[in-house]
Amino acid sequence: MRSAVASTLVVAVCLIAAGGALLGVLYTSLENSARSAATARVTLIAQQWGSGDRDDDGPRVENSLLATDGQVGIVQIVDASGTVLASSQGDAAAPLTRQQVPASAVRDLGRVFVAEIGDFWVSATGVSSSRGDATVVVGADREPVEKVVSTVALLLAAVGPFVVALVAFATYRLVGAALSPVENIRSTVASISAARLTERVPVPDTRDEIARLALTMNHMLERLQTGRLAQQRFVSDASHELRSPLATITAALELAEARPELLDAALLNDSLLPEARRMRQLIEDLLVLARSDETETAVASGDVDLEDLLYEEAKRVQATSEIVAELSIVPVRVTGDPHAVARMVRNVVDNAVRHAATRITLSCSVSGGEALVVIDDDGPGVPEPERTRVFDRFVRLDSSRTRDEGGAGLGLAIVADTVAAHGGSVRVTDSPAGGARFEIRLP
């Protein structure tokens, strides 16, 4: 409605301004044409009056020059005493003017009104003849000009409201049709709840801003649905992972309660402590992922020497496992969260140790202005279709999916989040050693 009112006002103002300009231009054009006709008639009459064509009473003028038409309304020849020597038929005997005009000079005498005859624009010139000096006076009739202008004004006044009404109606309908999809989008979005994220807003087949808005809303709903499904899977997988160690601990404690004599070092070391440690590690991983979801970027808190991290990890692997850790490092320093980067490197190394047959290789270098960390193992590798999915949460590719071999499936997810938070990238390829190669690039 506001658009229709605004457009109607604009069109009405424009029509009034254009109509006024049109009437003004039309009036001026017709006036100039009438005045030009009167000036031309004055010149012709003056030439003939003073040319020597005479009758018994003196100089004469052809009747055609004394006749009136649609532009010339009155013609008079007036002598110095104010007597009308010749005039157009039916005109008053009184002269239009007593003003004397010099010979051979055409002068505009302005507007002259004659009662019962009309209103004229008068042009005059002086002439000399055997009867003495005289003035030729020709009046251009204003009435035809004003009649034409009045007729055009009436037509504009009659058509203008129709045009304004048509513009108002068309604007109201067109703007309403354009905003109708917006209302459909609004009503659909208002009806979508957290339990109905599968619904989508209608996309009009207009290929305009409204259609792009609908597509954007649908993309947003898809992201919300994907996030909700991921959250649901996360909660379900976390509950599943926590259930196993908690069930083991509960069973061991119930057994110890029923038979206290069985609560010995073997039960503590083989069941309770390993499962408690596993549950604690799982909870810590969940907290790390929760914090990474809350903050989009990592806090650059200091310099991190990657070669030192790899050196310490190689020493740890040699001390805690039978896997051989080979090093190929050069000094490389990045800026980031030292704790997060160290955890990222450890998670990749633990994954390599878990799947390696005999050895792993840790290396770091500078490539293309970025820090490159490469960790190889000689294990079974990662199938190409699974190389993206391994970084999802709670994903384990181990066929047995045992707790000892497969972990909780959160280590590589933490790696992916940490690398993304530091503005880097990580990918899995084939290793020259026959297993998997993890390449981490950091700015």
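This passage walks through two sheets, the helices that pack on them, and some salt bridges of a predicted model.

The structure is a predicted model, in which local features need pLDDT of at least 70 and side-chain atom pairs count only at pLDDT 80 or more, while totals for chains, interfaces and linings use all residues. Residues are numbered from 1 along each chain as its sequence is written, and side-chain values use heavy atoms, with hydrogens and water left out.

A good place to begin is the sheet built from strands 3 to 7. Helices (H or I, at least four residues) and strands (E, at least two) are DSSP runs, numbered from the N terminus, and two strands are said to pair if DSSP finds at least two bridges between them. Five strands make up this open sheet, in the order 4-3-7-6-5 and with antiparallel pairing. Strand 4 (84-87) and strand 5 (106-114) each have a single partner strand, so one side of each is left without a neighbour in the sheet. On average, neighbouring strands of this sheet are turned by 25° against each other, direction ignored; axes here are lines fitted to C-alpha atoms, for helices over the stretch in contact, and angles run from 0 to 180 degrees between N-to-C directions. Three bridges join strand 3 (residues 72-79) to strand 4 in the antiparallel sense, and Gln76 stands opposite Ser87 in strand 4.

Helix 1 packs on this sheet, touching strand 3, strand 4, strand 5, strand 6 (118-129) and strand 7 (132-141), and its direction makes about 25° with that of strand 6. Contact means heavy atoms within 4.5 Å. Thr8 belongs to helix 1 (residues 2-49). With a relative accessible area of 17%, Thr8 is buried, where buried means under 20% relative accessible area, exposed over 50% and partly exposed in between (1.4 Å probe, protein chains only). Apart from neighbours within four places in sequence, Thr8 is in contact with Val164 and Ala168.

Helix 3 (residues 142-191) lies across strand 5, strand 6 and strand 7, and runs at about 15° to strand 7. At 1.5 Å a residue, the 50 residues of helix 3 should span 74 Å, and the end C-alpha atoms are 72 Å apart, which agrees; the expected span is 1.5 Å times one less than the number of residues. Helix 3 nevertheless has a kink of about 30° at Leu179, shortly before the proline Pro181. The bend at a residue is the angle between axes fitted to the seven residues ending there and the seven starting there. Among the buried residues of helix 3 are Arg142, Val164 and Pro181.

The second sheet is also open: five strands stand in the order 9-11-12-14-13, and the pairing is mixed. Its edge strands, strand 9 (324-329) and strand 13, each pair on one side only. The twist averages 15° from one strand to the next. Strand 11 (residues 359-367) pairs with strand 12 in the antiparallel sense over eight bridges, with Val373 in strand 12 as the bridge partner of Cys364. Strand 12 and strand 14 are antiparallel over six bridges, and here Val374 stands opposite Glu439 in strand 14.

On the other side of the discussion of strand 14 comes strand 13 (residues 425-430), which pairs with strand 14 over six bridges in the antiparallel sense. In strand 14, Ile440 is the bridge partner of Val426. The hairpin of strand 13 and strand 14 has five residues between the strands, and in it Gly434 takes a positive phi near 105°. Helix 9 (residues 411-421) lies across strand 13 and strand 14, at about 25° to strand 14. Five of the seven residues of strand 14 are buried, so strand 14 is largely enclosed by the rest of the structure.

Salt bridges complete the picture. A salt bridge is a side-chain nitrogen of Lys or Arg within 4 Å of a carboxyl oxygen of Asp or Glu, and by this rule the count comes to 19. In the pair Arg441 and Glu370, the closest N and O atoms are 3.7 Å apart. This pair links distant parts of the chain, with Arg441 in strand 14 (residues 436-442) and Glu370 in strand 12 (residues 370-377), 71 residues apart. Arg441 is partly exposed at 25%, and Glu370 is partly exposed at 29%. Another salt bridge joins Arg111 to Asp119, with the closest N and O atoms 2.4 Å apart. Arg111 counts as exposed at 54% relative accessibility, whereas Asp119 counts as buried at 12%. Arg111, Asp119, Arg142 and Glu146 are linked in a network of salt bridges.
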